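Me: I'd like to learn how to read a protein model feature by feature. Could you walk me through one?

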Amino acid sequence: MTIDWNSFTPWASLAGGLLIGLSAALFVLLNGRIAGISGILGGLLRPTPGDMAWRVAFVGGLVLAPVLYTLFVGPVHSQIDVGFGALVLGGLLVGLGTRYGSGCTSGHGVCGLSRLSPRSLVATVSFMAAGFATVYVVRHAFGL
């Protein structure tokens with residue numbers, strides 16, 4: 001195993017993690033709501049009167065933040081090594097997993113674990129193990 005030292009960014013990663021944790025904590029303290037993206041987005045698909053404005057603002061911020069970053073810092077160059085079909089299939093599987101798991105990685109991994117939720121601990125261990133197993137099988141069994 002080798003480390004791509006150009007992509008090794010511990011300080012930026014630490015800062016990002018701290019900002020995510022701080023924003024999730026402030027969100028639950030100020031609004032009494034969990035910052036789980038699948039739940040917030042799901043609430044937009046099943047509208048409840050008086051519950052739409054904050055959801056639209058939250059999702060709008062998720063869309064607007066990278067746009068502003070690109071305007072001020074410049075575009076981020078990324079490389080995706082799979083085809084469009086694999087991306088669509090992966091997105092559908094993640095969406096299906098969030099429905100069956102009653103939440104997404106942000107809801108369980110960030111917010112649920114910080115609240116010491118046993119259900120979130122099981123969910124987080126499960127999706128981490130599934131991720132490890134998937135990477136192992138794809139890289140070693142299929143050689144991709």
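**Reading charges, burial and surface**

Reply: Happy to. Let's start with one residue: R33 counts as partly exposed because its relative accessibility is 34%. Keep in mind throughout that this is a predicted model.

Me: Where does 34% fall on the scale for R33, buried or partly exposed?

Reply: Buried means under 20% relative accessible area, and exposed means over 50%, with partly exposed in between. R33, at 34%, is therefore partly exposed. D51 has a relative accessibility of 9%, so D51 counts as buried.

Me: How should I think about charged side chains, and which residue forms a salt bridge with R33?

Reply: The general idea is that side chains of opposite charge can pair when their charged atoms come close. Here, R33 pairs with D51 in a salt bridge whose closest N and O atoms are 3.1 Å apart. This pair links distant parts of the chain, with the two positions 18 residues apart in numbering. R33 sits in the loop between α1 (10-31) and α2, while D51 sits in the loop between α2 (37-45) and α3.

Me: How many salt bridges does the structure hold?

Reply: There are two salt bridges in the structure. Besides the R33 pair, D51 meets the side chain of R55 in a salt bridge, at 2.8 Å from N to O. Both R55 and D51 are buried. Taken together, R33, D51 and R55 form a linked network of salt bridges.

Me: Now the fold. What secondary structure does the protein have?

Reply: For this, you list the elements and then read their order. The protein has six helices and zero strands, giving the pattern α-α-α-α-α-α along the sequence. The C-alpha trace spans about 50 × 40 × 30 Å along its principal axes. Of the contacts between residues at least 6 apart in sequence, 31% join residues at least 24 apart.

Me: And the surface? Which residues make the nonpolar surface patch?

Reply: Look for nonpolar side chains that sit together on the outside. In this model, L64, V67, L68, Y69, L71, F72, V73 and V76 make a nonpolar surface patch of about 870 Å². One of them, L68, belongs to helix α3 (residues 53-72). L68 counts as partly exposed because its relative accessibility is 36%.

Me: How much of the protein is buried, and how much area does the protein expose?

Reply: Buried residues account for 15% of the 144 residues. The protein exposes about 11,200 Å², and carbon and sulfur atoms supply 72% of that area.

Notes:
Residues are numbered from 1 along each chain as its sequence is written. This is a predicted model: local features need pLDDT of at least 70, side-chain atom pairs count only at pLDDT 80 or more; totals for chains, interfaces and linings use all residues. Side-chain values use heavy atoms; hydrogens and water are left out. Patches are made of residues with over 30% relative accessible area and no salt bridge: like charges are joined within 9 Å, nonpolar side chains (Val, Leu, Ile, Met, Phe, Trp, Tyr) within 5 Å. Accessible areas come from the Shrake-Rupley method with a 1.4 Å probe; for residues, only the protein chains shown count as cover. A salt bridge is a side-chain nitrogen of Lys or Arg within 4 Å of a carboxyl oxygen of Asp or Glu. Helices (H or I, at least four residues) and strands (E, at least two) are DSSP runs, numbered from the N terminus. Buried means under 20% relative accessible area, exposed over 50%, partly exposed in between (1.4 Å probe, protein chains only). Contact means heavy atoms within 4.5 Å.
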